[in-house]
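Student: I would like to learn how to read a protein model step by step. Could you take me through one?

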Amino acid sequence: MNSTWIQLNTEVRKLENEIELQLENYSKFSESYMQSSYLIENNYNDGYSNNDEDISNSLAIEINESLMNLSRIIKEMSKILSEGTHNHSLSENNSLILQLQNHRQKLQDYTTDFRQQKKKITNARNHADLLITVRNDINSFKEDGNNKSDILLRERSSLNSAGRSGESFIEAGEEVRSNLIKQNKVLNQSISSKFRDISGTFGSVDSIMNAIKRKKNRDCIILSLFISILITFLFWWWITS
């Protein structure tokens, strides 16, 4: 067994101890991270802090670099073993092969453990992000619903107010129309009575009466058109307001 092998073997054991410690810390952090996910799920927390993300990334980078260094050293040991097999006895070669296999197995176990812990953290983060997104969407929907309800109430109040105003205008128009009709009847009765009294005196009364009737008919038409236009305008204003 040459000095290079012994040196590499020493480095491997030291690196394996470091990786085991790193994986232990990473596992503890993973449990803490899962606990934070539980708090987020049950509305006790609003999300992961930037410090949690920094710690997670830092631990993952350190472990990944250590695994890469371990893999590199094991490859160097494998190369030394393959090149110097003829320089060692059979029992010594078997011992070196067993050492190398043991280191490879540990590397595989470390890598598997690291990937599992990293997957747990990633799944917990994605789950928490999804919950936060859904929660924010629900809150936004509730706020939009309240705003829409307020808008509908204001529109309904405005329509009711416009309806009441329209009814008031229509009632006022009907009252004006009724007063005009009454005044027209009184005026017609007065004129008719006076002309009947003097109809026997003047021969041109008939022509005057006809002219007055035509004027009365024209006034009625104008009054009717005015009332129709007023009602149409009030109805259009009520619909568009």
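Tutor: We will go from the overall fold to charged pairs and then to the surface, keeping in mind that this model is predicted.

Student: Which helices and strands does the chain have, and how many of each?

Tutor: A good habit is to begin with the secondary structure. The chain here has four helices and zero strands, and, read along the sequence, it follows the pattern α-α-α-α.

Student: What do the contacts tell me about residues that are at least 24 apart in sequence?

Tutor: One can look at contacts between residues at least 6 apart in sequence, and in this chain 84% of those contacts join residues at least 24 apart.

Student: How many salt bridges does the structure hold?

Tutor: The general idea is that side chains of opposite charge can pair when their charged atoms come close. In this structure there are three salt bridges. One of them is formed by K106 with E16, whose closest N and O atoms are 3.5 Å apart. Because K106 lies in helix α3 (residues 90-198) and E16 in helix α1, this pair ties together parts that are 90 residues apart in sequence.

Student: Is E16 buried or exposed?

Tutor: The label depends on the relative accessible area, and a residue is called buried when that value is under 20%. E16 has a relative accessibility of 3%, and therefore it counts as buried. Its partner K106, at 25% relative accessibility, counts as partly exposed.

Student: Which residues does E16 touch, leaving out those up to four places away in sequence?

Tutor: With those sequence neighbours left out, E16 touches L70, H103, K106 and Y110. E16 itself belongs to helix α1, which covers residues 3-41, and K106 in this list is also its salt-bridge partner.

Student: Where do E24 and K28 lie?

Tutor: Both E24 and K28 are in helix α1, four residues apart, which is about one turn of the helix. Their side chains meet in a salt bridge with an N to O distance of 3.8 Å. As for their surroundings, E24 is partly exposed with a relative accessible area of 43%, whereas K28 is exposed at 54%.

Student: What separates E76 and R72 along helix α2?

Tutor: E76 and R72 are four residues apart in helix α2 (residues 50-83), so about one helical turn separates them. The side chains of E76 and R72 also meet in a salt bridge, at 3.2 Å from N to O. E76 counts as partly exposed at 32% relative accessibility, and R72 is likewise partly exposed, with a relative accessible area of 42%.

Student: Now for the surface: which residues form the nonpolar patch?

Tutor: To read such a patch, one looks for nonpolar side chains that share a region of the surface. Here the patch is made up of F233, F235, W236, W237, W238 and I239, which together have about 670 Å² of accessible area. Taking F233 as an example, this residue is found in helix α4 (residues 205-240), and it is partly exposed, with a relative accessible area of 47%.

Student: What share of the residues counts as buried, taking the chain as a whole?

Tutor: Of the 241 residues of the chain, 24% count as buried. The chain exposes about 17100 Å², and carbon and sulfur atoms supply 54% of that area.

Note on methods: Residues are numbered from 1 along each chain as its sequence is written. This is a predicted model: local features need pLDDT of at least 70, side-chain atom pairs count only at pLDDT 80 or more; totals for chains, interfaces and linings use all residues. Side-chain values use heavy atoms; hydrogens and water are left out. Helices (H or I, at least four residues) and strands (E, at least two) are DSSP runs, numbered from the N terminus. Buried means under 20% relative accessible area, exposed over 50%, partly exposed in between (1.4 Å probe, protein chains only). Contact means heavy atoms within 4.5 Å. Patches are made of residues with over 30% relative accessible area and no salt bridge: like charges are joined within 9 Å, nonpolar side chains (Val, Leu, Ile, Met, Phe, Trp, Tyr) within 5 Å. Accessible areas come from the Shrake-Rupley method with a 1.4 Å probe; for residues, only the protein chains shown count as cover. A salt bridge is a side-chain nitrogen of Lys or Arg within 4 Å of a carboxyl oxygen of Asp or Glu.
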